[in-house]
Number of protein chains: 2
Amino acid sequence: MSGSAGGVPVAVAWSGGADGQLELLDQTRLPGSVEWIACRDVASVIEAIRSLRVRGAPAIGIAGAYGVVVAAGEAIRMGLGPAEARKHVLAAAELLAEARPTAVNLRWAVERVCRVVGAESAGDSGATAADLARSSLAAAVAIHEEDRRLCTAIGRHGADILPDGDILTHCNTGALATGGDGTALAVITTAWADGRRFGVWADETRPLFQGARLTAWELVQRGIPVTVLVDSAAGHLLATGRIGACVVGADRITANGDTANKIGTYGLAVLAAAHGVPFYVAAPSSTFDLAITDGGQIPIEHRDPAEVKSPWGHVVAPQGAGAFNPAFDVTPARLIRGIITERGVISPVTEARVAMVLGGG
Amino acid sequence: MSGSAGGVPVAVAWSGGADGQLELLDQTRLPGSVEWIACRDVASVIEAIRSLRVRGAPAIGIAGAYGVVVAAGEAIRMGLGPAEARKHVLAAAELLAEARPTAVNLRWAVERVCRVVGAESAGDSGATAADLARSSLAAAVAIHEEDRRLCTAIGRHGADILPDGDILTHCNTGALATGGDGTALAVITTAWADGRRFGVWADETRPLFQGARLTAWELVQRGIPVTVLVDSAAGHLLATGRIGACVVGADRITANGDTANKIGTYGLAVLAAAHGVPFYVAAPSSTFDLAITDGGQIPIEHRDPAEVKSPWGHVVAPQGAGAFNPAFDVTPARLIRGIITERGVISPVTEARVAMVLGGG
C-alpha cells in the first residue's frame, strides 16, 4: 500500500477476506518514511496501538475492531473448535480494549464487535472460527463505514460556512486520525474539493509535532499547499491579516460548548479573537459530554515530562528543571464562532443551541 | 572553568594577561554538556560566533572585543614589528566584525577597541604588538564591565517593581546572552537575591529552544526553581492564575515603545493581557531605535526553514511543505505594562515617557 489512494491518505485498512490481515500506516515513521505494518496476530495490533503507530481516537477504535477479526483469524489457523474459538476471540478482545486505557473509542468499538461475536456463538450455536471471523469483519467494516460517513458530513457542513482566506489549524484531525477524511481537516479538504483555493497553515504542535508530521503530510499527499510554523508564530501570522479562519478538532465538548482539545488550542483561540478571525471547532456529536456543564470540570491529563525535555531522546532541558506538559487545554465557548458536527453547525455556541442541534439528530 | 562561578553562569571570560586567551562557554552543547572553548587565534573566535557557540547581542559584542586582543596575541607570537602588528590586528578586526552581519553590537564593540588600537599605534608611535595587546585588552574589559553594570541596573529597577506570584519568561535573556546577569533574567535573579521567592516558568522557545536549553540551565545553576513548557502551553498556564508577571527581553524598541523580540513574544503579550497579568520588557537603552516611530516599520528577519522542518536534522515536516520562520514579532506598546531600562522603568509605555526616561540619562 502507498499510504494514500488518489492523494487521500489512509491510516487503517483490511486486506483480504475474513482470514485476511489488518494493515496500518506506521504514523511514528511519518513524514520521513511511509511504511505499512501487516498485522496477522493480535499481539502486533496491540503493539501498534500502544506505540502510537495508529493514533487518533476514531482510527484507534477502527483498528481495535479489526483486531477482533485478527483474533478470529488466529483461531482459524490454530484449528480451534467453536467453544475454544469463542473463548480465544473474547480474551483477545479484552486485551485489545485495554491497549490504551484512556481511549474511549477503542473499548466502545471492540465491545460492539464482541456483541456480534457473542450473539453468533451463543449457547450451542456451533459457530465456527470462520463464522466468527466473517461476522466480526462485517461488524468492523460497519464501524469503519460509519466513521467515514461522519467525516464526510462534518466536511460538508464545515465547507459550506468556511470564510474566504487562508486557514490555520492545530494538531492532526485528518484521515490519519479517523476512518474517513477527518474532522477539522475534512472541512479544509472538502472546501478544496469544492474548488475553493487557499493556503493552509499548520501549527507544528509541540510536543509531539502532529501538525508538522501528520497534517502537513496529509495535505502534501492531496496536493493542497501547506506551510508549517512553530506554534508561537501563530500570533505574528494572524497579525499579517491573511488568515480567514482557524479550524481545529476537539477531544471533549461540554454541554455549554466549552471545548477541550490539544494543548495550544486555547491560546490560538484568544489570538484569533484578538484579530477578529473566526475560530471553528469540528467534531462528531459523540465528542460531546452533556453530563458536564462547563469546561472547568474537565480533568486535564498531564503527560510524560520527557516529551518536553527530550524529544526523540535529544536533551533540550537540563536535569533539575521541571516540565509542565498538559495534553489539553480548554477553550471557552465565547471564543468559538461555531462547532461543526455531522448534524450541522452549532452557532452561536450556547447551551440551548448545543441541545437543539444534538437533539435534532 | 565550570561555566558558573558561585552559581552565576558565565558565557565569556578572558584568561591570563594581554597574551592570554578568550574562553567561551560552548552554548551549542548546553544543557547536555558544559564545555569551554579556549580561543588563541582569531579563526576560532570567528567560528564560535558564526556557529552560535556564543550568542546574545551583548555577549557577541564582548567576544568580538576580546577577539581583537586575540589578534594582538597572534601578532606577538608571529614576531611582527609595530607596523605589521597594527595591520594584522585591524585586518582581523574587520573579519571579526563581519562574523554575524546583523549583530550591531558586534561591529560596535570591535570598532570601539580598534579606535584604541588605532590611537595607540598612530603615525610612528612605535607601539609594539605587546602594547596593542595591552591597550586592546583594557578596551575590551571596559566594554565587558559596562555591560555588567547595565545588567545590574536593569535587574535592580525591575526587581523593585516585580509583582508577587510566579514569573513566566520567553527565550534567553540571561548571563549567557550578556556580560553580566542579563536583562529580563536579571530582573528575576535580582528579585530572588532580594529574598523574594517564586517559581520561574520558561517557554521552551521554538525553533531553537533557547528557553529550555539556556534559561532553564542558568536558573538551575543558580538554584532557582524553573519549569519548562512548550510555547503553546502558556495560555493554559496563565489560565491557572499562578503567574504574577511576564518578563521578556527585546531586540529593538521603537520611539513609541513597540517592541520587536523573539517570535512568540507577541502571542504571549496578548495572552497576558487576556488574563490581566502585567507584561514587562527589560532592555538597555541602546535597544531603542528612536528613528523608527512604530513597530510597523521594523523589518522582520525570516530564518532558515530547516530550523522548523528538521531540528537537529530530525525531519518533522514533509518535503513539499513550506515553512514560515520569522525570527521576531512585534508587541505593540499598549500590551506592555512597563519597559525596564538601566535608567529606570518606562511606564506607562508612551512616546512621551520613552523620551523622558531615555533623555534623562
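**Figure 1. A:Gly249 and the residues around it in the predicted model**. Start with the company this glycine keeps: beyond its neighbours within four places in sequence, A:Gly249 is in contact with A:Thr173, A:Thr183, A:Ala184, A:Thr259, A:Asn261, A:Val281 and A:Ala282. Remember while looking that this model is predicted. A:Gly249 sits in the loop of chain A that runs between β9 (243-248) and β10 (252-254). Is this residue buried or exposed? With a relative accessibility of 1%, A:Gly249 counts as buried. Another residue to pick out here is A:Thr265, 16 residues away along the chain from A:Gly249, with 9.1 Å separating the two C-alpha atoms.

**Figure 2. A:Thr205, a residue with positive phi in a loop of chain A**. Here we look at the loop between β7 (200-203) and α7 (210-222), where A:Thr205 is found. Its backbone is worth a pause: phi of A:Thr205 is near 70°, which is a positive value in a residue other than glycine. How much of A:Thr205 can be reached, as relative accessible area? The value is 0%, and A:Thr205 is buried.

**Figure 3. The cis peptide bond before B:Pro207**. Over in chain B, this view shows the loop between β7 (200-203) and α7 (210-222), which is the place of B:Pro207. Follow the backbone from B:Arg206 to B:Pro207 and you cross a cis peptide bond, with omega near 5°.

**Figure 4. The cis peptide bond before A:Pro348**. Back in chain A, where does A:Pro348 lie? Look in the loop between β17 (344-346) and α11 (351-359). The peptide bond that leads from A:Ser347 into A:Pro348 is cis, and its omega is near -5°.

**Figure 5. A:Ala355 in helix α11**. Moving into the helix itself, we find A:Ala355 in α11 of chain A. Its relative accessible area is 48%, and A:Ala355 is partly exposed. For a sense of scale, take A:Pro326: it is 29 residues from A:Ala355 in sequence, and the C-alpha atoms of the two are 29 Å apart in space.

**Figure 6. A:Trp312, partly exposed in a loop**. This tryptophan belongs to the loop of chain A between α10 (306-309) and β14 (322-324). A:Trp312 isn't a glycine, yet its phi is positive, at about 50°. As for its surroundings, A:Trp312 is partly exposed, with a relative accessible area of 38%.

**Figure 7. A:Arg50 in helix α1, with A:Arg100**. Helix α1 of chain A covers residues 42-50, and A:Arg50 is part of it. At 55% relative accessibility, this arginine counts as exposed. Which residue, 50 residues away along the chain, has its C-alpha atom 6.3 Å from that of A:Arg50? It's another arginine, A:Arg100.

**Figure 8. B:Ser121 and its contacts in chain B**. B:Ser121 lies in the loop between α4 (104-120) and α5 (129-161) of chain B. It counts as buried, with 7% relative accessibility. Setting aside neighbours within four places in sequence, the residues in contact with B:Ser121 are B:Arg86, B:Ala127 and B:Leu132.

**Figure 9. Chain A, the setting for many of these views**. Stepping back a little, chain A holds eleven helices and 17 strands. Its radius of gyration is 21 Å, close to the 21 Å that the globule rule gives for 361 residues, so chain A is as compact as a globular protein of that length. Along the principal axes, its C-alpha trace spans about 65 × 50 × 40 Å. Of the 361 residues in chain A, 60% are buried. Among contacts with a separation of 6 or more, 72% come from residues 24 or more positions apart. On the outside, chain A exposes about 13,000 Å², with carbon and sulfur atoms supplying 52% of it. Chain A also carries 30 positive and 36 negative charges, whose mean positions are 2 Å apart.

**Figure 10. How chains A and B meet**. Turn chain B by 180°, with 0.0 Å of shift along the axis, and it superposes on chain A with an RMSD of 0.1 Å. The two copies are therefore related as by a two-fold rotation axis. What about the surface through which they meet? Of the interface residues of chain B, 100% are also interface residues in chain A, so the copies meet through the same surface.

Conventions:
Residues numbered from 1 in each chain as written. Chains lettered and ligands numbered in written order. Predicted model: local features only at pLDDT ≥ 70, side-chain atom pairs only at ≥ 80, totals over all residues. Heavy atoms only, no water. Helix = DSSP H or I, 4+ residues; strand = E, 2+ residues; numbered from the N terminus. Rg over C-alpha atoms; globule rule 2.2 N^0.38 Å. Buried < 20%, exposed > 50% of the residue type's maximum accessible area, 1.4 Å probe, protein only. Contact = heavy atoms within 4.5 Å. Areas by Shrake-Rupley, 256 points an atom, 1.4 Å probe, with all protein chains shown as cover. Lys, Arg positive; Asp, Glu negative; His and termini not counted. Charge placed at Lys NZ, Arg CZ, Asp CG, Glu CD. Least-squares fit on C-alpha atoms with pLDDT ≥ 70 in both.
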